[in-house]
Amino acid sequence: MEIVVLRLGHRLERDKRVTTHVGLVGRALGARGMLLAADDKSVERSIKRVTKRWGGDFFVKTGVSWSEAIKNWKQEGGKVCHLTMYGENLLDVIGEIREDAKNEKARIMVVVGAEKVPYEVFEAADWNVAVGNQPHSEIAALALFLDYLQQGKELKALFEHAEIEIVPTRKGKKVKIGDGE
Ligand SMILES: C[S@@+](CC[C@H](N)C(=O)[O-])C[C@H]1O[C@@H](n2cnc3c(N)ncnc32)[C@H](O)[C@@H]1O
């Protein structure tokens, strides 16, 4: 399964930190990359720095048109899952989404907003999913959705070509320095 995050509505400066965290959560929890519907290269640079140091091949593409991205994704057979508090409750639809994602070739685009999300996104989505029907945060919604989708397997993922890797310990901090190869 390939998962890509589409981040909409990013406001320059104001959303820099939140959007960076959306990307970091996507990277850490099993997404292949993030499409950013805004022209803010600073987010891309921050996430690339993390990927270089901590490994994996997460991509960030900045300045995408969200409508084109969704259209192309669907034309190529991908499914679109929009996270919104107005949607169907995660617990009621996750079974159906997992069933769809069983196929190795399945592709899921997870859309998260910032401020008001255009109605076209609700219409284009295969699923509008609420991580609980209360307002909270795109970072939290994305993390929980990715975890429910992958049933925790993403937490054990290994990241290749890392310059630095954590050796989990009960107390203290232990790291292994790799060669980034
Ligand atoms: C801070 S919210 C702003 C929502 C905005 N007021 C609206 O009317 O769409 C930003 C994003 O967080 C995500 N989000 C917030 N609460 C959510 C929830 N309960 N379930 C799923 N996603 C949620 C959505 O992707 C939303 O676009």
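**Reading helices and a ligand shell**

Student: Which exposed residues does the face of α3 turned away from its buried side carry?

Tutor: Glu68, Lys71 and Gln75 are the exposed residues there, on the face of α3 opposite its buried side. Keep in mind as we go that this is a predicted model.

Student: And which residues of helix α3 are buried?

Tutor: Helix α3 spans residues 66-75, and its buried residues are Trp66, Ala69, Ile70 and Trp73. Around the axis they cover an arc of only 95°, so they sit on the same side of α3.

Student: What covers the buried residues of α3?

Tutor: The cover includes four strands, β1 (2-7), β2 (33-36), β4 (79-89) and β5 (107-112), along with helix α5 (119-124). While you are at this helix, look just past α3 too: glycine 77 has a positive phi of about 90°.

Student: Let's turn to helix pairs. How do I read the packing of two helices?

Tutor: Two numbers describe a packed pair: the angle between the helix axes and the distance between those axes. Here, take α1 (residues 16-28) and α6 (residues 138-150): their axes lie 9 Å apart, at an angle of about 10°. Angles under 35 degrees count as roughly parallel, and α1 and α6 are therefore roughly parallel to each other.

Student: Which residues of α1 and α6 meet?

Tutor: On the α1 side they are Val18, His21, Val22, Val25 and Gly26, and they meet Glu138, Ile139, Leu142 and Ala143 of α6. By class, this contact of α1 with α6 has 6 nonpolar, 2 polar and 1 charged residues.

Student: Staying in α6, is tyrosine 148 buried or exposed?

Tutor: A residue is buried with 20 or more C-beta neighbours within 10 Å and exposed with 12 or fewer. Tyrosine 148, in helix α6, has 18 such neighbours inside 10 Å, so it counts as partly exposed. Beyond its neighbours within four places in sequence, tyrosine 148 is in contact with Leu90 and Ile94. Its C-alpha atom is also 9.5 Å from that of glycine 95, although 53 residues separate the two along the chain.

Student: Finally, how many residues surround the ligand, and which are the closest?

Tutor: There are 18, with Leu83, Met85, Gly113, Glu138 and Ala141 the closest. Two elements, β4 and α6, give two or more residues to this shell, and β4 supplies the largest share, 3 residues.

Student: What is the make-up of the shell around the ligand by class?

Tutor: You will find 9 nonpolar, 6 polar and 3 charged residues in it. Glu138 is worth a second look: this residue is among the closest to the ligand and also takes part in the contact of α6 with α1.

Key: Residues numbered from 1 in each chain as written. Predicted model: local features only at pLDDT ≥ 70, side-chain atom pairs only at ≥ 80, totals over all residues. Axes fitted to C-alpha atoms, helices over the stretch in contact; angles between N-to-C directions. Parallel < 35°, antiparallel > 145°, perpendicular 65-115°, else oblique. Contact = placed C-beta atoms within 7 Å. Nonpolar A, V, L, I, M, F, W, Y, C, P; charged D, E, K, R; others polar. Arc of directions from axis to C-beta. Near = placed C-beta within 6 Å.
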